[in-house]
Amino acid sequence: MKKFLFLIAFVGIVLLGNAQKAVKIWETPAILEVPESVLFDDSVIYVSNVKGSPAEKDSNGYISRLTPNGDIIAQHWVTGLHAPKGMAVYGNLLYVADVDRVAVIDRKQGIIVQFIEIPGSKFLNDVTASNQGVVAVSDMIDNTIYLIRNNRFELLVKDSVLQQVNGLYWENENLFAGIANVIYKVDVTTKILQKLIEGTGEIDGLERFTANKFIISDWTGKVQVVSTDSAPVEVLNLAAEKYNAADIDYCIKTKTLFIPTFFGNSLAAYRIE
């Protein structure tokens, strides 16, 4: 009897742990050009297109603008970027990581109003913004996180433990950073790094899923839900289809996951059930 009850409990845990699954809603035609990052903001989707090498300063990169249903409003909405990656919105401004600088875009006019150069940076990747408009930017190659305040950059933290730091997420007073196999909580005031979640595997995109969980992407094609109190739950794996899962975004309200497929040259949307 005890063995039977244990078996039921075990099966229940397995089913509960794998409760989330991703169902595709739509996918754009493969007309984007190396889409690296996606940002959903209310009634519009922004997609950064590298169009070439992720590290090349070739001025080929651009930002696309889409509807929430995946219809392309303007594929080449803002041009003149090198290899745009992570994006963040604060007010009317869109901040975009662009190799060794951050582009500041006026969202109403669709124009670049400023480039904030970060001398010495090597591979700026993800961007996130606080409620007060402070912008954080990760440098994946240099194990560094920068802040931008009042259009000026400053070093937040540079540490060897931040190897391949990529995905960033700012929530209230807390900044979270994803590296290879760990999510760190970064105290912006003291600059102390605290390990929050381990055993994640590689992290590209990092977004909030629920109050105590994150949803993360691995560039090879895997998407997982992770938390401090349970093992990672894989909700999607596109590796077999040779689709990447670059810098994702997730809408908590509609439970919609947006995936830029990088070399797949499309943007896909999935509902998490």
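## A buried phenylalanine

A residue counts as buried when its relative accessible area is under 20%. In this predicted model, Phe 176 has a relative accessibility of 5%, so Phe 176 counts as buried. Phe 176 lies in strand E15, which spans residues 174-179.

What does Phe 176 touch, apart from residues up to four places away in sequence? Its partners include Gly 167, Leu 168, Tyr 169 and Glu 171. Ile 183, Tyr 184 and Lys 185 are also among them. So are Leu 196, Leu 206, Arg 208 and Phe 214. Phe 176 and Ile 145 are 31 residues apart along the chain. Their C-alpha atoms are separated by 11 Å.

## Two nonpolar cores

The largest nonpolar core has 17 residues. Which of them touch the most other members? They are Ala 136, Ile 145, Leu 147, Leu 156, Leu 162, Trp 170 and Leu 175. Five strands each give two or more residues to this core. They are E12 (144-149), E13 (152-158), E14 (168-171), E15 (174-179) and E16 (182-186).

Take Leu 156 from that core. Leaving out residues up to four places away in sequence, Leu 156 touches Ile 145, Tyr 146 and Leu 147. Leu 156 also touches Leu 175, Val 186, Val 188 and Lys 191. A second core is separate and has 16 residues. Phe 209, Ile 215, Ala 245 and Ala 268 are among its members.

## Two buried serines

Is Ser 37 buried or exposed? Its relative accessible area is 1%, so Ser 37 is buried. Ser 37 lies in strand E2, residues 35-41. The side chains of Ser 37 and Asp 247 are joined by a polar contact of 2.8 Å. Beyond its neighbours within four places in sequence, Ser 37 is in contact with Asp 247 and Pro 260, among others. Its contacts also include Tyr 46, Val 47 and Ser 48, along with Lys 85, Gly 86 and Met 87.

Ser 266 is found in a loop, between strand E23 (256-260) and strand E24 (267-272). Ser 266 is buried too, because its relative accessible area is 1%. Which side chain makes a polar contact of 2.5 Å with that of Ser 266? The partner is Glu 27. Not counting neighbours within four places in sequence, the contacts of Ser 266 include Glu 27, Thr 28, Pro 29, Ala 30, Leu 32 and Pro 35. Tyr 243, Ile 259, Pro 260 and Thr 261 are also among them.

## Two pockets

Rolling a probe the size of a water molecule over the atoms shows where empty space is left. The largest pocket has a volume of about 560 Å³. It is lined by 25 residues. Leu 39, Phe 40, Tyr 169, Glu 207 and Asp 249 are the closest to its centre. Strand E2 gives the largest share of the lining, five residues. E2, E6 (84-90), E10 (124-129), E14, E18 (206-210) and E22 (249-251) each supply at least two lining residues. By class, the lining has 15 nonpolar, two polar and eight charged residues.

The second largest pocket holds about 250 Å³ of space. How many residues line the second largest pocket? There are 16. Nearest its centre lie Asn 125, Met 140, Asn 166, Asp 204 and Trp 219. The lining of the second largest pocket divides into eight nonpolar, three polar and five charged residues.

Conventions
Residues are numbered from 1 along each chain as its sequence is written. This is a predicted model: local features need pLDDT of at least 70, side-chain atom pairs count only at pLDDT 80 or more; totals for chains, interfaces and linings use all residues. Side-chain values use heavy atoms; hydrogens and water are left out. A nonpolar core is a set of buried Ala, Val, Leu, Ile, Met, Phe, Trp, Tyr and Cys residues joined through side-chain atoms within 4.5 Å. Buried means under 20% relative accessible area, exposed over 50%, partly exposed in between (1.4 Å probe, protein chains only). Helices (H or I, at least four residues) and strands (E, at least two) are DSSP runs, numbered from the N terminus. Contact means heavy atoms within 4.5 Å. A polar contact is a pair of N or O atoms within 3.5 Å; within protein, one must be able to donate a hydrogen and the other to accept it, and residues adjacent in sequence count only if both atoms are side-chain atoms. On a 1 Å grid over the protein atoms alone, a cavity is a set of points where a 1.4 Å probe fits but cannot get out, and a pocket is an open set with protein on both sides within 12 Å along at least five of seven lines; lining residues have an atom within 4 Å of a point. Grid points are joined across faces, edges and corners, and a volume is the space filled by probe spheres set on the points. Ala, Val, Leu, Ile, Met, Phe, Trp, Tyr, Cys and Pro count as nonpolar, Asp, Glu, Lys and Arg as charged, and the others, Gly among them, as polar.
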